[in-house]
Amino acid sequence: MTKITILSLIAGVAGTGIGGLVGIVFADKGKKFVSCVLNFAAGIMLAMVFLNLIPTALTQSGTRQIKLIVLVGVVLGGAGIYLLNLAINGVNLRVNAVSTDNTAKNFLKSGIILFLAISLHNIPEGLALGCFGVNDNENVIVFTALLALHNLPEGMAISLPLRKGGTGRTKSVLLSVLGGAMTVLGAVLGFLIGNVAPVTNSFFLAIAAGAMLVVTFVEVIPQAFDGSEDFSFLFVPIGAIVGAALIFLV
């Protein structure tokens with residue numbers, strides 16, 4: 001249990017925390033630079049969804065209906081985040097009511113949604129890490145390193161829009177860390193459950209994939225194009241290539 005807790009802290013808290021700090025630095029840059037960073041993070045997220053989360057969900061269980069289960073999970077995860085987006089729009093971000101800057105409000109909304117989506121996404125990843133640790137699998141260290149690297153842009157994706165939306169530096173970083181801390185919760189649950197049904201893991205991984213897809217296409221990429229040059233979109237495939245390299249080489 002101690003080993004898994006430490007590894008999940010490294011993968012989740014340290015990974016997103018460092019990414020959050022980097023995001024704070026980037027938030028003080030110009031709009032074009034911020035757009036490139038957000039698109040880069042979006043590319044890595046897409047790579048993780050299509051090359052890691054969904055393939056893993058499809059292969060973790062031999063259930064005949066696994067494709068349908070994964071499809072339902074993706075739809076539920078995406079629908080949940082989309083409805084959350086609508087709910088946040090409905091309250092009109094009263095926490096930022098003192099500001100009349102619509103751009104700042106949009107950044108703040110993106111940061112809140114990303115925080116919630118990434119927190120959800122980190123639970124099944126932590127669950128997978130905990131399941132690795134049950135049998136002291138030799139791949140647990142590699143998986144931890146992959147999660148930590150993967151969480152760097154996620155931490156940036158949380159803190160950067162929050163900071164651009166008027167949230168304080170310390171609070172922005174702390175929220176990034178809190179989002180990563182959900183990895184620890186998932187890892188502990190995975191370790192305690194031990195022989196959790198593979199189909200359950202597949203379902204939760206699919207939910208996380210759906211959430212990340214919606215948040216990437218509805219929030220991250222549109223926000224990146226807000227007041228930026230079109231060339232910043234090139235950083236989406238660059239991020240995807242880097243993400244693929246992390247998945248296959250780490």
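**Entry 1: S8**

I looked up S8 and found that S8 counts as buried, because its relative accessibility is 0%. I worked from a predicted model throughout. I placed S8 in helix 1, which spans residues 2–27. I then listed what S8 touches, leaving out residues up to four places away in sequence: V13, L129, T183, V184 and A187.

**Entry 2: the chain as a whole**

I turned next to the confidence of the prediction. I noted an average pLDDT of 78 for the chain, with 84% of the residues scoring at least 70. I marked residues 92–100 for caution, where pLDDT stays under 50. For that stretch I recorded 12 contacts beyond four places in sequence.

I asked how many helices and how many strands the chain has. I counted 8 helices and 0 strands. I wrote the order along the sequence as α-α-α-α-α-α-α-α. I noted that 51% of the 250 residues count as buried. I also looked at contacts with a separation of 6 or more, and found that residues 24 or more positions apart account for 86% of them.

**Entry 3: T144 and E154 in helix 5**

I examined two residues of helix 5. I located T144 in this helix, which covers residues 140–164, and I found E154 there also.

I asked whether T144 is buried or exposed. I entered T144 as buried, because its relative accessibility is 4% and the cut-off for buried is under 20%. Setting aside neighbours within four places in sequence, I found T144 in contact with L7, I10, A11 and L129. I noted that L129 is also among the residues touched by S8.

I recorded E154 as buried, because its relative accessible area is 0%. I listed M45, I118, H121, N122 and M212 as the residues E154 touches, not counting those up to four places away in sequence. I also took the C-alpha separation of E154 and G23, which is 9.5 Å; these two residues lie 131 residues apart along the chain.

**Entry 4: A181 in helix 6**

I found A181 in helix 6, residues 169–193. I classed A181 as partly exposed, because its relative accessibility is 26%. I then asked how far the C-alpha atoms of A181 and L9 are separated. I read the separation as 7.0 Å, for residues 172 apart along the chain.

**Entry 5: A208 in helix 7**

I placed A208 in helix 7, which runs over residues 198–224. I entered A208 as buried, because its relative accessible area is 0%. Apart from neighbours within four places in sequence, I found A208 in contact with L53, H121 and P124. I noted that H121 is also one of the residues touched by E154. I took one C-alpha distance here: A208 and I123 are 8.4 Å apart in space, and 85 residues apart in sequence.

**Entry 6: helix 2 against helix 7**

I then considered how helices pack in this model. I recorded an angle of about 160 degrees between helix 2 and helix 7, with their axes 9 Å apart. I therefore described helix 2 as roughly antiparallel to helix 7, since angles over 145 degrees count as such. I found the crossing of these two helices to be left-handed. I sorted the residues of this contact by class and obtained 19 nonpolar, 6 polar and no charged residues.

**Entry 7: helix 2 against helix 8**

I examined the packing of helix 2, residues 31–59, with helix 8, residues 235–249. I recorded an angle of about 45 degrees and axes 6 Å apart. I therefore entered helix 2 as oblique to helix 8. I noted that helix 2 passes helix 8 in a right-handed crossing, whereas its crossing with helix 7 is left-handed.

I asked which residues of helix 2 meet helix 8. From helix 2, I listed C36, N39, F40, G43, I44, L46, A47, M48, L51 and N52. From helix 8, I listed F235, V236, I238, G239, A240, V242, G243, A244, I247 and F248. By class, I entered this contact as 15 nonpolar, 5 polar and no charged residues.

Methods. Residues numbered from 1 in each chain as written. Predicted model: local features only at pLDDT ≥ 70, side-chain atom pairs only at ≥ 80, totals over all residues. Heavy atoms only, no water. Axes fitted to C-alpha atoms, helices over the stretch in contact; angles between N-to-C directions. Helix = DSSP H or I, 4+ residues; strand = E, 2+ residues; numbered from the N terminus. Parallel < 35°, antiparallel > 145°, perpendicular 65-115°, else oblique. Left-handed = near helix turned anticlockwise from the far one by under 90°. Contact = heavy atoms within 4.5 Å. Nonpolar A, V, L, I, M, F, W, Y, C, P; charged D, E, K, R; others polar. pLDDT = per-residue confidence, 0-100. Buried < 20%, exposed > 50% of the residue type's maximum accessible area, 1.4 Å probe, protein only.
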